[in-house]
Amino acid sequence: MIPSYLEKEILIIGCGNLLFGDDGFGYFVIEKLKEKLNDKLKEKVALLDAGAGASSILDLVEDSKVKKIIVVDAIDFNLKPGEIKILTPDELPDDSLGLDAHGIPLTEKIKKLYNKGFKIKVVGCQVKYVPAPEPYIGLSKEVEEAVDKAVELIIKEVDNLW
């Protein structure tokens with residue numbers, strides 16, 4: 001049986017670990033998008049909190065109905081904390097999105113799908129506080145304030161898609 005998130009044209013994946021402060025950015029964006037997407041967009045968009053397992057999800061995309069992917073993740077690009085950056089796969093430095101739970105770089109998977117014709121964008125938020133390996137649930141003020149901005153940008157991206 002094919003998971004329902006692979007039967008939609010657009011897949012929005014929230015990445016990161018909710019237990020490590022700002023690394024949980026992707027989770028909070030997905031939760032907010034669940035509230036904000038209108039019925040028209042819900043018909044073509046699947047929302048998925050992948051946690052630290054985004055690499056495994058991206059492995060399943062190749063043989064699905066998904067054509068467009070938006071990856072939402074915490075980034076560390078030496079920007080102002082809470083700053084949102086929309087990136088294409090070509091703009092991602094190697095291993096910029098870190099490793100998933102199995103030690104596989106997400107950037108490598110994203111670039112592989114992009115090279116196979118998938119339309120992909122990354123919505124990244126500059127972190128301020130990632131306490132790993134010590135757990136801390138909750139976002140810094142700057143990253144928390146960026147959640148609504150990211151949701152707004154994602155809805156625009158989906159609505160005007162590429």
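**A five-stranded sheet and its helices**

Strands β1 and β2 run parallel to each other and are joined by six bridges. Within this pair, I12 lies opposite L47 of β2. The model under discussion is a predicted one, and the description below proceeds from the sheet to the helices and then to two features of the loops.

The β1–β2 pair belongs to an open sheet of five strands, arranged in the order β2-β1-β3-β5-β4 with mixed pairing. Its edges are formed by β2 (45–51) and β4 (84–87), each of which pairs on one side only. From one strand to the next, the twist averages 20°. Further along the order, β3 (residues 68–75) and β5 (residues 119–126) are parallel and are connected by eight bridges. K68 has K119 in β5 as its bridge partner.

Two helices pack on this sheet. Helix α3 (residues 54–61) touches β1 (10–15), β2 and β3, and its direction makes about 165° with that of β1. Helix α4 (residues 106–115) is in contact with β1, β3 and β5, its direction making about 155° with that of β5. Strands β1 and β3 are thus touched by α3 and also by α4.

The edge strand β2 deserves separate attention. Although β2 pairs on one side only, five of its seven residues are buried, so the strand is largely enclosed by the rest of the structure. As a general matter, side chains in a regular strand alternate between the two faces of the sheet.

How the helices are placed against one another can now be considered. Two packed helices are described by the angle between their axes and by the distance between those axes. For α3 and α4, the axes come within 10 Å and cross at roughly 15°. This angle is under 35 degrees, and the two helices are therefore roughly parallel to each other. Their crossing is left-handed. On the α3 side the contact consists of A54, S55, L58, D59 and V61, which meet L106, K109, I110 and L113 of α4. Classified by character, the residues of this contact comprise six nonpolar, one polar and two charged.

A second helix pair is formed by α1 (residues 25–36) and α5 (residues 141–159), whose axes come within 9 Å and cross at roughly 50°. That angle makes α1 oblique to α5. The crossing of these helices is right-handed. From α1, the residues F25, F28, V29, K32, L33 and K36 take part, and they meet V143, A146, V147, D148, A150, V151, I154 and I155 in α5. The contact of α1 with α5 divides into 11 nonpolar residues, no polar ones and three charged ones.

Two local features of the backbone remain, both in loops. The peptide bond from A132 to P133 is cis, with omega near 10°. P133 is located in the loop between β5 and α5. The other feature concerns N78, whose phi is near 60°, a positive value in a residue other than glycine. N78 lies in the loop between β3 and β4. The relative accessibility of N78 is 73%, and the residue therefore counts as exposed, the threshold being over 50%.

How values were computed: Residues are numbered from 1 along each chain as its sequence is written. This is a predicted model: local features need pLDDT of at least 70, side-chain atom pairs count only at pLDDT 80 or more; totals for chains, interfaces and linings use all residues. Side-chain values use heavy atoms; hydrogens and water are left out. Axes are lines fitted to C-alpha atoms, for helices over the stretch in contact, and angles run from 0 to 180 degrees between N-to-C directions. Helices (H or I, at least four residues) and strands (E, at least two) are DSSP runs, numbered from the N terminus. Angles under 35 degrees count as roughly parallel, over 145 as roughly antiparallel, 65 to 115 as roughly perpendicular and the rest as oblique. A crossing is left-handed if the near helix is turned anticlockwise from the far one by less than a right angle, and right-handed if clockwise. Contact means heavy atoms within 4.5 Å. Ala, Val, Leu, Ile, Met, Phe, Trp, Tyr, Cys and Pro count as nonpolar, Asp, Glu, Lys and Arg as charged, and the others, Gly among them, as polar. Two strands pair if DSSP finds at least two bridges between them. Buried means under 20% relative accessible area, exposed over 50%, partly exposed in between (1.4 Å probe, protein chains only).
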